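Got your viewer open and a few minutes to spare? Let's walk through this model together, one selection at a time.

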Amino acid sequence: KRIRETDERAPCHDCCNISGDGCGCNFWGGCILSGVVRLNFAFYTEMQIEGYGGNSRKMIQLVRPTEAMKEQAIEFRQEFFEHGEFVINGSELFDKTDDYTEWCRTIDANTKEETVNPNWVITDTFFAVDDDRIVGIIDFRHTLNDFLKDLGHCGYSVRPSERRKGFATEMLRQLLEVTQKTGMNELYLSVERKNEPSVKTI
């Protein structure tokens, strides 16, 4: 992994504002005001990526949302709301929908070039599951359009009761493996310089 740090400032969008192993990578919640760090991950060998995360690794699985997970997913979302968090970063607007089934159809459509929303980009969305419990959510945007070019390829969230346990680190580690399989050799993220928890996660 190589990280290149720059002092580039992203434009003021209602978008990327990474906020730690808790809220995660926020592409929808507010404007970046200052001190943006742009990170460029260059992938080398699979062996090096496998070692990413060290002792903090939690053996979770990244799985695509399904209709069978509806009850768990609604309970996962409700925990954020009960903690006063109404933006779930990396969730492809799961925090804004009233219809889980339709949301599943939408995110499935967005995984394919022929069915992706014309205003969006091909995106893979995953629940992070630990012992059959949804602990987080993360997405991977295969390309960056004009809206996303200063923001990055992924967003993520960990549910409030499961934070500070290394799940965000492991979610991002596993996502690196997913992105490598697509042939991508760089992954861009944006983070507020003052947000040390997210910088450490990344």
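## A guided walk

Start by selecting D130 and R133: R133 in strand 4 is the bridge partner of D130. Keep in mind throughout that this is a predicted model.

**Stop 1: the turn.** Now look at what joins the two strands here. Strand 3 and strand 4 form a hairpin with two residues between the strands. Click on D131 in that hairpin, and you'll find a positive phi near 50°. Then move along to D132, which sits in the loop between strand 3 and strand 4. D132 isn't a glycine, yet its phi is positive too, at about 65°. That's worth a pause, because most residues other than glycine have a negative phi. Is D132 buried or exposed? With 66% relative accessibility, D132 counts as exposed.

**Stop 2: the strand pair.** Select residues 123–130 for strand 3 and residues 133–141 for strand 4. The two run antiparallel, and eight bridges join them. Try picking out some facing residues: V129 stands opposite I134 in strand 4, and D124 stands opposite F140 in strand 4. What holds such strands together? In general, strands of a sheet pair through backbone hydrogen bonds, either parallel or antiparallel.

Turn on the surface and see how much of this pair disappears. How many of the nine residues of strand 4 are buried? Eight are, so strand 4 is largely enclosed by the rest of the structure. Strand 3 is also largely enclosed, because seven of its eight residues are buried.

**Stop 3: the whole sheet.** Time to add the neighbours. On one side, three bridges join strand 2 to strand 3, running antiparallel. Select Q61 to see this pairing: its bridge partner in strand 3 is V129, the residue you've already seen opposite I134. On another side, strand 4 pairs with strand 5 over five bridges, again in the antiparallel sense. To see where they meet, select I138, which stands opposite Y156 in strand 5.

Put together, what order do the strands follow? It is 2-3-4-5, in an open sheet of four strands with antiparallel pairing. Strand 2 (61–63) and strand 5 (154–158) are the edge strands, each pairing on one side only. Turn the sheet on its side to look for its twist, which averages 25° from one strand to the next.

**Stop 4: helices on the sheet.** Keep the sheet on screen and add residues 100–109, which make up helix 4. Helix 4 packs on the sheet and touches strand 3 and strand 4. Its direction makes about 125° with that of strand 3. Next add helix 5, residues 167–181. Which strands does helix 5 touch? It packs on the sheet against strand 2, strand 3, strand 4 and strand 5, and its direction makes about 40° with that of strand 4.

**Stop 5: just past helix 5.** Follow the chain into the loop between helix 5 and strand 6 (186–192), and select M184 there. M184 is buried, because its relative accessible area is 15%, and the cut-off for buried is under 20%. Now draw a distance from M184 to T143. These two are 41 residues apart in sequence, and 9.7 Å apart in space from C-alpha to C-alpha.

**Stop 6: the largest pocket.** Show the pockets, if your viewer can. How much space lies in the largest pocket? About 230 Å³. Thirteen is the number to look for in its lining: of those 13 residues, the closest to the centre are E92, L93, T106, N110 and N117. By class, the lining has five nonpolar, four polar and four charged residues.

Stay with L93 for a moment. It is in the loop between helix 3 (70–82) and helix 4. L93 has a positive phi of about 70°, although it is not a glycine. At 40% relative accessibility, L93 counts as partly exposed.

**Last stop: zoom out.** Show everything again and colour by secondary structure. The chain has six helices and six strands, and along the sequence they follow the pattern α-β-α-β-α-α-β-β-β-α-β-α. Of the 202 residues in the chain, 50% are buried. Finally, consider contacts between residues at least 6 apart in sequence: 69% of them join residues at least 24 apart.

Technical notes:
Residues are numbered from 1 along each chain as its sequence is written. This is a predicted model: local features need pLDDT of at least 70, side-chain atom pairs count only at pLDDT 80 or more; totals for chains, interfaces and linings use all residues. Side-chain values use heavy atoms; hydrogens and water are left out. Two strands pair if DSSP finds at least two bridges between them. Axes are lines fitted to C-alpha atoms, for helices over the stretch in contact, and angles run from 0 to 180 degrees between N-to-C directions. Contact means heavy atoms within 4.5 Å. On a 1 Å grid over the protein atoms alone, a cavity is a set of points where a 1.4 Å probe fits but cannot get out, and a pocket is an open set with protein on both sides within 12 Å along at least five of seven lines; lining residues have an atom within 4 Å of a point. Grid points are joined across faces, edges and corners, and a volume is the space filled by probe spheres set on the points. Ala, Val, Leu, Ile, Met, Phe, Trp, Tyr, Cys and Pro count as nonpolar, Asp, Glu, Lys and Arg as charged, and the others, Gly among them, as polar. Buried means under 20% relative accessible area, exposed over 50%, partly exposed in between (1.4 Å probe, protein chains only).
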